[in-house]
Amino acid sequence: MNRLFGSKSTAPKPTLNSAISNTETHIESLDVKLAKLTAELSTYQTRMAKMRDGPGKSALRGKALKVLQRRKQLEAQRDSLSQQSWNMTQASMMTDNLANTMATVDAMKGASKSLRKQYGKIDVDKIERLQDEMAELMEVGEEIQGSLGRSYDVPEDVDEAELDAELEALGEEAGFEGGLGAGGVGEGEGVPGFMVDEVPQFVDEPPEAGKVKEAAG
């Protein structure tokens with residue numbers, strides 16, 4: 001059977017990219033041929049411009065027309081190949097975009113599955129209870145702070161008469177100390193009152209005024 005129909009081909013199937021590459025290679029070879037034909041036509045035109053009308057110029061003109069006809073055929077072929085290459089390039093771009101889209105979809109499916117698995121481990125009711133507990137703890141903390149920050153008032157059972165007497169005694173003590181600081185002296189001599197009115201028992205005679213001034217100065 002293989003002799004009649006041939007054996008099964010094991011060569012790899014052509015891909016779109018390889019087809020584009022082959023087409024571009026063919027187009028490049030056509031560009032080389034077109035460049036040669038254009039140069040040949042330019043030579044014929046230069047020669048005909050220097051020739052007079054006659055059989056020689058007519059023969060040269062015939063060759064130029066054949067080259068021009070050949071160039072037009074190659075240009076048409078090149079244009080056709082260029083269009084084919086562009087169409088295959090667009091198809092390749094669409095294929096790449098489709099592959100990227102499929103990869104994105106697969107990635108999104110995997111992410112969705114992972115998120116569903118992770119969220120499945122979360123107990124929403126437990127989170128709500130935790131939030132309630134935190135709110136209660138915050139309220140308790142505020143109550144504690146308010147309790148610690150309150151001021152202590154004077155007890156109601158304190159006797160106001162005792163407070164008045166203590167206040168009067170403090171006033172007298174302050175007046176006594178103020179008098180000493182303002183120069184409360186005896187006999188206007190700059191001698192403190194305790195040195196004028198009272199004499200220590202171990203002193204036989206009171207001090208003289210002049211000596212007291214020297215000691216005080």
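Let me start at S85, a residue of helix 3, which covers residues 55-119. I should say at once that the model on the screen is a predicted one. Is S85 buried or exposed? Its relative accessible area is 3%, and the limit for a buried residue is under 20%, so S85 counts as buried. What does the side chain of S85 meet there? It makes a polar contact with the side chain of E24, at 2.4 Å. If we set aside neighbours within four places in sequence, the residues in contact with S85 are I20, T23, E24 and I27. E24 therefore appears twice in this account, as a contact of S85 and as its polar partner, S85 itself being buried at 3%.

I turn now to the charged pairs. How many salt bridges does the structure hold? There are three. One of them joins the side chains of R78 and D31, with a nitrogen-to-oxygen distance of 2.3 Å. This pair ties together distant parts of the chain: R78 belongs to helix 3 and D31 to helix 2, residues 16-50, and the two are 47 residues apart. R78 has a relative accessibility of 26% and is classed as partly exposed. D31, at 30%, is also classed as partly exposed.

Another salt bridge brings together the side chains of R71 and E75, at 3.6 Å from N to O. Why are these two residues about one helical turn apart? Because they stand four residues apart in helix 3. As a general point, an α-helix has 3.6 residues a turn, so residues three or four places apart point the same way. E75 has a relative accessible area of 32%, which makes it partly exposed.

The remaining pair to report is D53 with K57, whose side chains meet in a salt bridge at 3.2 Å, N to O. D53 is exposed, with 71% relative accessibility, whereas K57 is partly exposed at 22%.

Next, helix 4. This helix runs over residues 124-148, which is 25 residues. At 1.5 Å a residue the expected span is 36 Å, and the C-alpha atoms at its two ends are indeed 36 Å apart, so expectation and model agree. At the start of the helix, a side-chain oxygen of D123 comes to within 3.2 Å of the backbone nitrogen of D125.

Helix 4 also contains I127. With a relative accessibility of 41%, I127 counts as partly exposed. Which residues join I127 in a nonpolar patch on the surface? They are L115, Y119 and I122, and the four together present about 410 Å² of accessible area.

Finally, the chain as a whole. The protein chain has seven helices and two strands. In sequence order the pattern reads α-α-α-α-α-β-β-α-α, with the two strands following the fifth helix. Of the 217 residues, 9% are buried, and S85 is one of the buried residues. The exposed area of the chain is about 18,900 Å², with 55% of that supplied by carbon and sulfur atoms. As for contacts, among those with a separation of 6 or more, 65% are between residues 24 or more positions apart.

Definitions and conventions
Residues are numbered from 1 along each chain as its sequence is written. This is a predicted model: local features need pLDDT of at least 70, side-chain atom pairs count only at pLDDT 80 or more; totals for chains, interfaces and linings use all residues. Side-chain values use heavy atoms; hydrogens and water are left out. The expected span of a helix is 1.5 Å times one less than its number of residues. A polar contact is a pair of N or O atoms within 3.5 Å; within protein, one must be able to donate a hydrogen and the other to accept it, and residues adjacent in sequence count only if both atoms are side-chain atoms. Patches are made of residues with over 30% relative accessible area and no salt bridge: like charges are joined within 9 Å, nonpolar side chains (Val, Leu, Ile, Met, Phe, Trp, Tyr) within 5 Å. Accessible areas come from the Shrake-Rupley method with a 1.4 Å probe; for residues, only the protein chains shown count as cover. Buried means under 20% relative accessible area, exposed over 50%, partly exposed in between (1.4 Å probe, protein chains only). Contact means heavy atoms within 4.5 Å.
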